[in-house]
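This briefing covers strand pairing, helices, nonpolar packing and salt bridges in one protein chain. The points are grouped by topic.

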Amino acid sequence: MSATAPATQDRRHRMVPSPAGRIHLVEQGSGPLVLLVHGFPESWYSWRHQLSALAAAGYRAVAVDQRGYGRSSRPAEPAAYRMLDLVDDHVAVVRALGEESAVVVGHDWGATVAAHSALLRPDVFRAVGLLSVPYTPPGGPRPSDVFAHMGGDEEFYVSYFQEPGRAEAEIEPDVRGWLAGFYAALSADTMPGPDAPDPHFVSRGGLLRDRFPAGRLPGWLGERELDFYAGEFERTGLTGALNRYRNMDTDWADLAGHAGAPVTQPALFVGGGLDASTTWLADAIEAFPVTLPGLRASHVIEGCGHWVQQERPAEVNRILTDWLAGLPG
């Protein structure tokens, strides 16, 4: 295997059929398939550092635009963004690439999709890597009821996103500025201090961006990277991406038959030490011996925020390739 990462011009953009219509993906390298699934508000591009590293390590790395994002199809109905639909998309991608199985790795919402892909289709997804968001089995209280009781007089961002059109009205007049603030709010080097108002909550009558840091981009995000993300969402709008949040109660009902179910395939978790997803869900991480009995490695990267594979690409690449090398063939 080459020690030198392949050049980015070796990447291939493809469109493949899926239940959504078409899924856009970016592929690099050859070998065992590793499917990379992004979160909100991102795209295949959030895996730009991993594509070359995985290809150099002897893998066929494939980063998708999930339905509703980028060049992939954007079904009009909000109900088309259920978890079951996203799992079906990723099975279709594996099949369209001529493969029988894949390792699936996800970040943020993509981690939740990756975990449920492994849970629901163990015949296709032989191992699962979770970045930033730990696995929590289906079940428990209805999600909207939980979110409604978070924050006291303030509103949790997920509840804010769930109302159709509301977040779009905030974001779409200034997509680039909003994204810059959102990325900065959850990045280690630019996030608000512990005494500042929490950017995960909205004041009654306010906007989410009221609490974003202003005037400085995080170290991982240059003008070129921000231009790419902004260009994608200025072209597509945000509704497709936000519709994922609008199906959480539907997912809860759809997956009731899997309440408490563990994901048993070989697994990996990587989180940021300064990421609210890691700290708020500490109980989920502690439960991994039960919920992820196949866990091979768990890493919390000190001083890192939410965007782990972009904030700490070299470290995440090393963790991923070490974990992949230890998987059964």
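In strand β4, V62 is the residue that stands opposite E27. The model is predicted, and the points below start from the sheet around that pair.

**Strands β1, β2 and β4**

- E27 belongs to a network of salt bridges, in which it is linked with R12, R14, R60 and E99.
- β2 covers residues 21-28, and six of its eight residues are buried, which leaves the strand mostly covered.
- On one side of the pairing list, β2 runs antiparallel to β4, with four bridges between them.
- β2 also runs antiparallel to β1 (residues 12-18), and here seven bridges join the two strands.
- The connection from β1 to β2 is a hairpin through two residues.
- In the β1-β2 pair, G21 of β2 stands opposite S18.

**Strands β5, β6 and β9**

- β6 spans residues 125-131; because six of its seven residues are buried, the strand is largely enclosed by the rest of the structure.
- β5 (residues 102-107) pairs with β6 in the parallel sense, over six bridges.
- Within that pairing, F125 of β6 is opposite A102.
- Helix α3 (residues 109-120) joins β5 and β6 in a right-handed β-α-β unit.
- β6 has a parallel pairing with β9 (residues 267-272) as well, over four bridges.
- There, F269 of β9 stands opposite L130.

**Helix α2**

- Helix α2 has 14 residues, which at 1.5 Å a residue should span 20 Å; the C-alpha atoms at its ends are 20 Å apart, in agreement with that value.
- Ten of the 14 residues are buried, so α2 is largely enclosed by the rest of the structure.
- The buried residues include the charged residue D85 as well as L86, V87, V91 and V93.
- Also buried in α2 are M83, D89, H90, A92 and V94.
- G98 follows α2 and has a positive phi, near 80°.

**Helix α15**

- Helix α15 runs over residues 313-325 and has 13 residues.
- From its first C-alpha to its last, α15 reaches 18 Å, close to the 18 Å expected at 1.5 Å a residue.
- Its buried residues are V316, N317, I319, L320, T321, W323 and L324.

**Nonpolar core**

- Which residues touch the most other members of the largest nonpolar core? They are F40 and F161, in a core of 100 residues.
- F161 touches F40 itself, and also A167, W178, L208, L242, Y245 and R246, leaving aside residues up to four places away in sequence.
- As background, nonpolar side chains in soluble globular proteins tend to be buried together.

**Salt bridges**

- The model has 19 salt bridges by the rule used here.
- R82 and D254 form one of them through their side chains, at 2.9 Å from N to O.
- This pair links distant parts of the chain, 172 residues apart: R82 is in the loop between β4 (60-64) and α2 (83-96), while D254 is in helix α10 (residues 248-254).
- How exposed is R82? Its relative accessible area is 24%, so R82 is partly exposed.
- D254 is partly exposed too, because its relative accessible area is 29%.
- The side chains of D227 and R176 form a salt bridge at 2.8 Å, N to O.
- Because D227 lies in helix α8 (residues 223-236) and R176 in helix α7 (residues 175-185), this pair ties together parts that are 51 residues apart in sequence.
- D227 has 43% relative accessibility and therefore counts as partly exposed.
- R176, with a relative accessible area of 29%, is partly exposed.
- R121 and D123 form a salt bridge at 2.8 Å, N to O, between their side chains.
- R121 counts as partly exposed, because its relative accessibility is 27%.

Conventions. Residues numbered from 1 in each chain as written. Predicted model: local features only at pLDDT ≥ 70, side-chain atom pairs only at ≥ 80, totals over all residues. Heavy atoms only, no water. Salt bridge = Lys/Arg side-chain N within 4 Å of Asp/Glu carboxyl O. Buried < 20%, exposed > 50% of the residue type's maximum accessible area, 1.4 Å probe, protein only. Expected span 1.5 Å × (residues − 1). Pairing = 2+ DSSP bridges. Right-handed = clockwise from strand over helix to strand, strands pointing away. Core = buried A, V, L, I, M, F, W, Y, C linked by side-chain atoms within 4.5 Å. Contact = heavy atoms within 4.5 Å.
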